Amino acid sequence: MNHPRNGGASREHPDGNPDGHPRRRPNLVLCTADQLRPYELCCYGGEQVSTPALDRLAARGAVWETAITNFPVCMAARSVLISGQHNRTATGGRTNVSCAGRPGDFNMPEYPYARRPHLPGATLAECLREAGYATRVIGKWHIHSWPHEIGFDRYLIPRVHHAHSAQIFSRDGGPEFAPPGYSVDFEADEVVSFLEEQDGEQPFFLYYNLSPPHCPIADVPEPYRTMYDPADVVLRENSDETRIDDRDYWYKVYRWDFRHYSFHLPHTEELPAGYDLKHLAAEYYGAVSWMDSAVGRMLDALERTGLDGDTLVVFTSDHGENLGSHGLVQKGCENDESIRIPLIMAGPGVPEGSRVDGSVASLVDLMPTLLEAAGAPVPPHCHGSSLLGMASGAPPDGRAAFFETVRGTGLRSVDTTWVLPRDENGRLGAKPLVVHDNLADPHQYENLAGELARPALDAELRARDARYPWSDLENEP
């Protein structure tokens, strides 16, 4: 039996249903895109890319004006999200902070390691399962441990390397198989089937991970790949194609990912005639719209089954995308294009059409947020704090968000980015590496390190750095 449709009732009666019975614990959906910066989304002011599903979700709930990743690289960010801890604690290592696989190896392992080398504390999934939730993963994984080892009952995950067609999957650790068509559409089918199977007897946690708009952006269905005309693309103001090093190489990586940088397949060795940053952006935009269409299928299924009224949906990304801003590509840097991410929450208790400004949210806050929504205790090893109060209309708490890159450790407040260098032993330097006044210079043209003093922010960063321990976990099995 499907849940009754009661979306309006759950918002109007946060402590119970109109008949006086306690409201059931909400289902939880954590949906992530990969390498999605917020600027192109309509709910963040974007005017070039069609994102009707995310617009719809934003209209139903709350949008964070400023949210960031705590580490702007795939595996590191996802470890933060699922562990509720900063990467230095969840995965260990002073220099190789689990950005990929083994130290010095650019190529990531095809599948997770055979044992649990990281994430020593109870994860989000383990805490929710302990609280009585059914736990499910569908889509990209990119964490060093297998899902069943860190709290997931069932899972469908692809190999680590990015491919949208001819992708290889494993269901619950079983034999590999390659479904026909595109992986994103196959995963969306799985999400719809999962939601249609729910009988309302047990609340669920669905962790749904979409690979686009991460490359390969040429490996996208033709209607989306050609959806935007490069001639019409308006690049972000701080874009500078002339400063991109190894442009030809990086454009091929964007289009074909490992099939170029590892396999050098002949069809990936040539770019289309006249291919430039606007062509790249147009294909990225198409991948964003394709991702949005999959989110739309999930939202449609939630509504069709009547689950939407009892389901808290959180949408975000693991990190941002430079896309030529400041002559940079991909991610991993201290600038906003790398670290800023979208964050949208909708569901029981979240007022419709609200926006949260005055506080900077981050991925490490999502575990305590979802645990609070589930009525489950937040373990003391969590480094973040719940966003549920602000999502429900409480005043912003003014928090700054702690983040790291391979070069340094920083805080992103509403008005300032403050980054200190970090040596090979994890010690912070005396003088800042990067400083941006984000109100006066929103596109971060000037690095004001040595010019702009923020003693309170510097002291807060050093205090938080001391509070978040570096674990002694090894990065190799």
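In this predicted model, a good place to start is I68, whose bridge partner in β12 is S362. Strand β3, covering residues 67–68, pairs with β12 in the parallel sense, and two bridges join them. These strands belong to an open sheet of three, ordered β9-β3-β12, in which the pairing is mixed. Because β9 (340–341) and β12 (361–362) each have a single partner strand, they stand at the edges, and one side of each is left without a neighbour in the sheet. As a general reminder, strands of a sheet pair through backbone hydrogen bonds, in either a parallel or an antiparallel manner.

Attention now turns to the helices. The axes of α6 (residues 183–196) and α10 come within 9 Å of each other and cross at roughly 10°. With angles under 35 degrees counting as roughly parallel, α6 is therefore roughly parallel to α10. The crossing of α6 past α10 is right-handed. On the α6 side, the contact is made by V184, D185, A188, D189, V191, V192, L195 and E196, which meet W290, A294, R297, M298, A301, L302 and R304 of α10. Sorted by class, this contact of α6 with α10 holds ten nonpolar and five charged residues, and no polar ones.

Helix α10 (277–304) also appears in the surroundings of α8, since together with α9 (258–261) it is included in what covers the buried residues of α8. Those buried residues of α8, a helix spanning residues 247–256, are Y251, K252, V253, Y254, R255 and W256. Just after α8 comes D257, which takes a positive phi of about 55°.

Definitions and conventions
Residues numbered from 1 in each chain as written. Predicted model: local features only at pLDDT ≥ 70, side-chain atom pairs only at ≥ 80, totals over all residues. Heavy atoms only, no water. Buried < 20%, exposed > 50% of the residue type's maximum accessible area, 1.4 Å probe, protein only. Helix = DSSP H or I, 4+ residues; strand = E, 2+ residues; numbered from the N terminus. Contact = heavy atoms within 4.5 Å. Pairing = 2+ DSSP bridges. Axes fitted to C-alpha atoms, helices over the stretch in contact; angles between N-to-C directions. Parallel < 35°, antiparallel > 145°, perpendicular 65-115°, else oblique. Left-handed = near helix turned anticlockwise from the far one by under 90°. Nonpolar A, V, L, I, M, F, W, Y, C, P; charged D, E, K, R; others polar.
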